[in-house]
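Trainee: I am new to this model and would like a close look at a single part of it. Could you take me through one strand carefully, and then place that strand within the chain?

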Amino acid sequence: MFLYILGLVALWFLYRWYKEAQRVPNKSEKYVYITGCDSGFGNLLARHLDKLGFRVIAGCYTEKGEDELKKVSTDRLTPIHLDVSDSESVSRAGAVIKTLVGEKGLWAVVNNAGISVPSAPTDWLTIEDYKSMLAVNLNGVIDVTLSVLALIKKARGRVVNVASVFGRISPFGGPYCVSKYGVESFNDSLRINMTPFGVKVLCIEPGFFKTAVSDTSLLKKNLQKLWDNLPQSVKDDYGHHYLETTFEKMEERFSRLLDGDLMKVVGCMEHAVSAVHPRTRYSPGWDAKLLWLPLSYMPTSISDRIFLKDAVKPKASVL
């Protein structure tokens, strides 16, 4: 009986491998719009898809990002200026894309642009801190998608949303997890809405990877700035050793968890764009599969206890 079950499982994996290995034809006629191409996943994906023969429209926030991409890509790649937090910039980019793709429509949009600061305990933040991140990580995803959705429906293409495993569980405070939970919800509702039109909506949920978003120097600078602006009463609640201990914990955790192989994520993004039968969700990274996702399925009381056990305690903690 055990061997029979094992055989069925092996056959299922073989079938899935064969099914997922199939790629869409006529790549040179398919346009893919990617946001956040200045660095990290977006930059690598733009270059990778360009080499595979897709016509890439790379949204860059800076002129330097545009220039650098031009130097390492073919004439199939078109860099454009894009600030996803600015609706006028999104609309201008959408108009350019409509002209480029013509009657063929847009094969895919990859909502990759995102930021990770400000991030801190919730009572260190203001509503403006939340608004600034949500403008990029959530509203930007929605704005960009809506700006080209009609073109994607025309091509019966794909929407690929880069969320995070922290859109499934929240181990720290601030707007980052809030924004990624929002992306997950937008992704799920859009997938249901678009299925009747033949449009596939896919979600990428990476774990910890070594990008600008996880740059410890940037995160420390952000925390220090927020700490310096706190009322004395809040500083007293946390104690003057709290920040230093947090920095030490951050270095220790990131050294253990950060994965430097960005192609694990880029490979999932490429599969979502180019596979005939893409997956609904991708969770690249060993920590996503073995740590964060299992924690997200546990009872809240257990996951909370695990997080609090390893957390830096404020001076006024009652635990």
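Mentor: In this predicted model, strand S5, which spans residues 158-162, is mostly covered, with five of its five residues buried. The cover is found on both faces of S5, since Arg-158, Val-160 and Val-162 are buried on one side, while Val-159 and Asn-161 are buried on the other.

Turning to the neighbours of S5, strand S4 (residues 108-111) pairs with S5 in the parallel sense over four bridges, and within this pairing Val-109 has Val-159 of S5 as its bridge partner. Strand S6 (residues 200-204) also pairs with S5 in the parallel sense, here over five bridges, and Val-159 has Val-201 of S6 as its bridge partner. To get from S5 to S6 the chain passes through helix H7, residues 175-194, and the β-α-β crossover made in this way is right-handed.

As for the setting of the strand, the chain as a whole has 13 helices and seven strands. Its radius of gyration is 21 Å, close to the 20 Å that the globule rule gives for 319 residues, and therefore the chain is as compact as a globular protein of that length. Along the principal axes, the C-alpha atoms fill a box of roughly 60 × 60 × 35 Å.

The burial described for S5 can be set beside the figure for the chain, in which buried residues make up 47% of the 319 residues. Among the contacts in the chain with a separation of 6 or more, 70% are between residues 24 or more positions apart. The chain exposes about 16500 Å², and carbon and sulfur atoms supply 59% of that area.

Conventions. Residues are numbered from 1 along each chain as its sequence is written. This is a predicted model: local features need pLDDT of at least 70, side-chain atom pairs count only at pLDDT 80 or more; totals for chains, interfaces and linings use all residues. Side-chain values use heavy atoms; hydrogens and water are left out. Buried means under 20% relative accessible area, exposed over 50%, partly exposed in between (1.4 Å probe, protein chains only). Helices (H or I, at least four residues) and strands (E, at least two) are DSSP runs, numbered from the N terminus. Two strands pair if DSSP finds at least two bridges between them. A crossover is right-handed if, with the strands pointing away from the viewer, the path from the first strand over the helix to the second runs clockwise. The radius of gyration is taken over C-alpha atoms; the globule rule is 2.2 Å times the number of residues to the power 0.38. Contact means heavy atoms within 4.5 Å. Accessible areas come from the Shrake-Rupley method with a 1.4 Å probe; for residues, only the protein chains shown count as cover.
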